[in-house]
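Could you walk me through this structure while I have it open in my viewer? I would like to know what to select at each stop and what is there.

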Amino acid sequence: MAKSLGRNQNVGRLVTGELWRRVRRRVRMGPLYRWRFTGRTPERLLVVPPDLRLSDPTLAQEIYYGRFQFSGHVVDTGGVSPFQLNVSNRGWVKALHGFRWLRHLRAAGTELAAVNARALVNDWIRQHGSRMTDIAWEPGTVAKRIIAWLQYSAFLLTHADANFHRLFLKNLAVQVRYLRATVGEMPPGKERVRARIALAFVALALPSSAAGLRNAARHLDAELDLQILPDGGHISRNPLVLLELLADLLPLRQVYANQSATPPASLIASIDRMMPALRAFRHKDGAVARFNGMGVTIHERVSAILRLDDAAAAPLLHAPHSGYDRLELGQTVVIADTGSPPPTAVSTSAHAGCLSFELSSGRQCFIVNCGVDSYGSPDLRPLARATAAHSTATLNETSQARFVHSNTVQGIVGAPLTGTLTHTECRRIDQPGMQGFIANHNAYEVKFGIIHEREIQLSANGNLIYGEDRFSGKEGLTILADGKDHATIRFHIHPTIRAEQARSGEIYLLGQSGECWLFTSLDSHALLEESVFFASTSGARRTSQIVISALLSKTPVLRWRLLRETQETAPSGS
C-alpha cells in the first residue's frame, strides 16, 4: 500500500514540476529574458546530417495542395497557411511544427518542391519565429525542428536567395540558444535525449569552439548513461523509443565519423547495446513486439536502422534491466514481458501487461498483445494499456495497474501508471534443446493476496510450447474461496490467423502460410471469444482470443500447451 501511495505522490510531484517548468519557460520567453536568445548569425553550415526516416515523394504534392496528413489526421488548409490554423489534434500540431515532413518534399526532387518548402519555412519564421509560445516552442518540438532543419538544409538553401539564407540561419541560431537554455529543465524521457542529440548535431554543423564540442558530447554522454539501460533497453521499457532514438543516434555517429571528430563515449556504447535489444523485440515476420506503447511496425524503418548495425549482433535473449525475455528455437520466437513498471515520470506509455507474451513462427505472428492505435481515438488507449488487452492473466477482471484518467492531469503530464505492481522476479531455465523462464509479479498481492507466476518452455526444435500459470497466496498461504479468486488467462490471436475449436475442446490456430498450432488447456476448458487488435495499419481490427477461466481456490495451477501441427489435422467446418 505504501508503494502504491508513493506512485500517486509521484504523479503529484510530476504535475507540480511540470507546472513549475511551464511558468519558468513562460517567464524566460518574455521580453525581459528574450535578449538571451539573440546573438551572432552563423554564415554557413559545416555539415548536413543524414536522415534514416522513410520519405514518400507523393506526399509532396499533397502538401503543395494544402493537405497535411500527420499523426493519422488530415487537415486541408484551403489555401491558408497551416501555421495560422487552430487545429485541436495535438499530435498533428506537434508534427507540423517538428518539420520532419520536409523529407517528403526533398524526396520529390523538384524545384517546385524546394520553393514550396522554403515558403513554408519562411511562413513559420514569420508566424512563430519570434512568438515563443505554445507547442511550437516546447523544447521537445524545438529539438525535432532543429534536427530536421539541419538534415534538410541543403535542400532548403540550394538556389535560395541571400535573404532566405540569412533568415534561416538566424532563426536556427535563436532556436539553438533557446534549447540550450531550456534542456536542463526538461523532464526525463526520450525528448530530453533528443534535445541533447540536437545540440550535438549543432556543435558539429555550426561553427563551434572546441569547448562547445566537448560540452555537447559531455551532456549527451550523461543523458545516455541515465536513460539507456545496461542491457540496451530504454528506461521507459517502450520498444518504439529504441527505434526513435536510434533513428537520430545513428546519423549522429556517422557525422562524427565523417568529421573525424571524437564521438561521445556513451554514443558508441549505447548504440552497440541498443541494437541487440531492438533485435530482441523483433519477430520472424519483422514486426516489433507490442509491449508498453508499441503499435504498428513500419518494417522498412526497422530494416533501415538494422542495416547500420556494424556488429550484426544476435538478438538479446535475457534483458534483466529492461525486463524482457526471448525464446527462440527453429522458426519459433516467444517474446515476454518479465519486468517491473518503469519509473512514474517515464510511464505515460507503459502497459499493465506483466508476464504477457507474443508468439511468432515463420513469417506469421500467432499470439499477440493488442498493441496501441497511435493515431486512433484517445478513448481507446486506456483499454489497450489494461491487463485484459495482453496475453497474460487477470484476477477478478482487475488490471495489474491503474492509469491517470483526469483530463486535467493528462493535459499536463499525460497518463502515467499509478498501479500497485512493485516487484518482479525472473530466472532462465535453459537446457540443451529447451529454452524457458520462470517469472512472477506481485500486482495482485495487496488487493487479493495472490502472487502470479508463469513458466514458459520452448522445446522440440521450436515445435512445442509448454506453459504453466501458478497462483499462490501471500507468503505461500492457501488461496481462500472468498469470491476474489477468479482468474482469467487470455491469449490474443493475430487478426490474420483463423481460430477454430474442435468438439474435444482443442483450438486450432491456422496461419495463411499453411502452418497450424494446436492449443490445449490441460486443467480448465478453453473458450474462443472476440477480441480487438489495435496495432493495425488500418486501425482497430476485430480478432479472437483464447480464454481460460478458473477459481484459484480449486485450481491454483493452469497448464496449457501449443503444438505445431499441419493444417490437415485441423477440424474442417468447426
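Here is a short tour, one selection at a time.

**Before you start.** This is a predicted model, so begin by colouring the chain by pLDDT. The mean is 90, and 93% of the residues reach 70 or more. Select residues 1-6 and you will find pLDDT under 50 throughout; for this stretch the model has 7 contacts beyond four places in sequence.

**Stop 1: helix α3.** Select residues 90-98. The buried residues here are Trp92, Val93, Lys94, Leu96, His97 and Gly98. Now show what surrounds them: the cover includes the strands β1 (67-70) and β2 (73-76), together with the helices α5 (111-128), α6 (139-151) and α9 (190-205). Next, look at both ends of α3. Asn89 caps the N-terminal end, with a side-chain oxygen 3.2 Å from the backbone nitrogen of Gly91. After the helix comes Phe99, with a positive phi near 65 degrees.

**Stop 2: helix α6.** From α3, move to one of the elements that cover its buried residues, α6 (139-151). Of the 13 residues in α6, 12 are buried, among them Arg145, Trp149 and Gln151. Try a distance between the end C-alpha atoms: they are 18 Å apart, which agrees with the 18 Å expected for 13 residues at 1.5 Å a residue.

**Stop 3: Arg237.** Select this residue in the loop between α10 (210-227) and α11 (239-258). Is Arg237 buried or exposed? Arg237 is buried, with a relative accessible area of 6%. Show its side chain and follow two polar links: one reaches the backbone oxygen of Gly323 at 2.7 Å, and the other is a polar contact with the side chain of Asp337, also listed at 2.7 Å. Residues that Arg237 touches further along the sequence include Asn292, Tyr324, Ser340 and Pro342.

**Stop 4: strand β6 and its partners.** Asp337 belongs to strand β5 (residues 332-337), which pairs with β6 in the antiparallel sense over 5 bridges. Select Ala336 and Phe357 to see one pair of bridge partners. In β6 (residues 357-361), 5 of the 5 residues are buried, so the strand is largely enclosed by the rest of the structure. Phe357, Leu359 and Ser361 lie on one side, with Glu358 and Ser360 on the other.

**Last stop: the hairpin.** Add β7 (residues 364-368), joined to β6 by 3 antiparallel bridges. Ser360 has Cys365 as its bridge partner in β7. Between the two strands of this hairpin are 2 residues, and Gly362 in the turn has a positive phi of about 60 degrees.

How values were computed:
Residues numbered from 1 in each chain as written. Predicted model: local features only at pLDDT ≥ 70, side-chain atom pairs only at ≥ 80, totals over all residues. Heavy atoms only, no water. Helix = DSSP H or I, 4+ residues; strand = E, 2+ residues; numbered from the N terminus. Buried < 20%, exposed > 50% of the residue type's maximum accessible area, 1.4 Å probe, protein only. Polar contact = N/O pair within 3.5 Å; in protein donor to acceptor, adjacent residues only side chain to side chain. Contact = heavy atoms within 4.5 Å. pLDDT = per-residue confidence, 0-100. Expected span 1.5 Å × (residues − 1). Pairing = 2+ DSSP bridges.
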